[in-house]
Amino acid sequence: MAASIIFLILLLQQGMCLLPPKFQWKVIDYKWESNAAKQKAIQAGDYIPENNMPTGVARWRDKLFITIPRWKDGVPSSLNYVSLNGTQQEALNPYPNWAEAYVPSKTCCLHSKRTVVSTFRVFIDGYDRLWVVDNGVLDMTDEAKRIAPASLMIFDLNTDELILRHEFSNDVVQDSSVLTSVVADISSKGCSCDNSYAYIADMGSNALIVYSLKNDEAWRIDHDSLNFDPEDGDDGGMLSIALGPVKGDGSCDLYMQLPSSTNLYKISTKLLRDKNIPKDQIKNGLQVVGDRGPLSQGTACDFDPATKVLFNTQLSRNGIGCWHVDKPFNEENTPVIISDCNMLEFPNDIKVDHDGDIWILSDRQSKFLYGSMDFTQMNFKVLTAPVADVIMDTPCEKKSGFNKAFGFMKRPKSGRSTTSSKNSSARSDKRSKN
């Protein structure tokens with residue numbers, strides 16, 4: 001009996017997954033306006049359940065946004081949400097509504113500026129704005145039919161109104177562009193709601209796109225300007241980005257992660273915000289933060305300003321890693337803190353919300369893309385927990401002198417609610433600066 005208890009403790013210390021899924025699905029379904037509408041969509045090929053795979057999550061109040069890029073035909077809506085008070089297999093609500101989110105597979109063009117054709121991930125800032133990058137393409141794994149220009153969209157979450165749709169010009173995006181991750185930067189000194197920037201990862205053509213909301217202008221920084229380590233190879237491109245702590249001058253570091261690399265890179269947003277800065281300064285400003293070690297490649301990362309911890313997904317380990325930005329970046333300080341071959345088979349996205357909860361999406365993407373998905377199993381899962389709980393007693397938890405002295409007294413789990421009121425905590429204020 002004692003041996004069993006010791007074994008269990010060892011398993012827990014090695015980062016086993018203790019998080020039950022908040023949501024999970026065998027196949028993705030939607031809250032159709034009627035069963036007749038659903039059957040009509042199936043008959044027309046506009047809804048093919050097995051072709052719907054979620055890739056991104058982001059939580060706002062009692063909504064959890066879930067993105068379904070149009071990898072294949074049969075995706076009725078790319079941008080969706082579920083109610084946090086719903087069932088574990090809650091059907092998805094198209095956003096902003098059915099009429100504008102629905103895109104028939106044989107359509108030729110947009111019928112509304114609020115229509116999101118195909119998005120991978122979204123970002124929610126401290127002004128209750130939802131930032132969305134729309135690739136404008138149907139059936140991305142086959143003919144890649146373009147029905148709209150690649151665009152940046154911003155929604156007001158309090159009203160669901162579209163604030164802006166900026167269509168990228170041909171000198172900003174290329175034919176091979178695949179826009180994956182977006183982060184909004186509202187940290188500049190003297191910053192107002194309108195003086196914001198967006199940074200967008202172009203995985204398809206190895207670039208970073210910068211957008212100025214104040215000037216309604218975008219520019220492109222190519223992979224060779226960023227000058228990543230050539231040993232990383234060119235397959236995979238830049239996939240995930242996250243903003244670090246705000247500095248005294250109002251800038252911060254943009255952390256960048258390539259799926260083919262175990263390195264983490266960073267560059268100051270002070271450089272990125274200047275459209276006319278020489279390429280040599282971009283090259284010189286890019287830094288290798290460090291190497292996480294073997295088998296630590298991942299698809300997504302996000303930063304929690306309250307704890308100063310950067311989280312990242314790790315595909316080979318079916319897990320989540322972390323790093324406290326005030327500590328040296330090495331294997332010891334970048335542990336895997338959650339791991340589970342079933343719950344986290346291909347952890348594809350990770351987000352920290354404004355109340356300090358972490359959200360993780362796993363979706364078995366490799367099986368989905370190569371046609372080996374078993375739809376009798378739970379394939380898509382969303383897990384969540386308070387950040388404070390998942391980093392407790394790991395190198396990512398930075399304890400005060402008092403906590404170190406009394407570390408043997410374990411604090412209880414926070415029991416954090418999954419819903420919140422607007423601007424309900426000091427943490428929300430901290431998060432708004434990123």
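Helices (H or I, at least four residues) and strands (E, at least two) are DSSP runs, numbered from the N terminus. The model used in these exercises is predicted.

**Exercise 1.** Place lysine 308 in the fold and decide whether it is buried, partly exposed or exposed.

Solution.
- Location: lysine 308 sits in the loop between E20 and strand E21 (309–314).
- Backbone: its phi is near 60°, a positive value in a residue other than glycine.
- Cut-offs: buried means under 20% relative accessible area, exposed over 50%, and partly exposed in between.
- Result: lysine 308 has 28% relative accessibility, so it counts as partly exposed.

**Exercise 2.** Do the same for leucine 295.

Solution.
- Location: the loop between strand E19 (287–291) and strand E20 (301–304) holds leucine 295.
- Backbone: phi of leucine 295 is near 60°, again positive in a non-glycine residue.
- Result: leucine 295 counts as exposed because its relative accessibility is 53%.

**Exercise 3.** Find the peptide bond type between tyrosine 95 and proline 96, and locate proline 96.

Solution.
- Omega of this bond is near 5°, and the bond is cis.
- Background: most peptide bonds are trans.
- Proline 96 lies in the loop between strand E5 (93–94) and helix H3 (98–101).

**Exercise 4.** Work out which strands stand at the edges of the sheet E12-E13-E14-E15.

Solution.
- Read the order: this open sheet has four strands with antiparallel pairing.
- Strand E12 (179–185) and strand E15 (217–222) each have a single partner strand, so they stand at the edges, with one side lacking a neighbour in the sheet.
- Twist averages 20° from one strand to the next.
- Strand E14 (residues 207–212) joins E15 through six bridges, antiparallel.
- Across this pair, serine 212 stands opposite glutamate 217 in E15.

Definitions and conventions
Residues numbered from 1 in each chain as written. Predicted model: local features only at pLDDT ≥ 70, side-chain atom pairs only at ≥ 80, totals over all residues. Heavy atoms only, no water. Buried < 20%, exposed > 50% of the residue type's maximum accessible area, 1.4 Å probe, protein only. Pairing = 2+ DSSP bridges. Axes fitted to C-alpha atoms, helices over the stretch in contact; angles between N-to-C directions.
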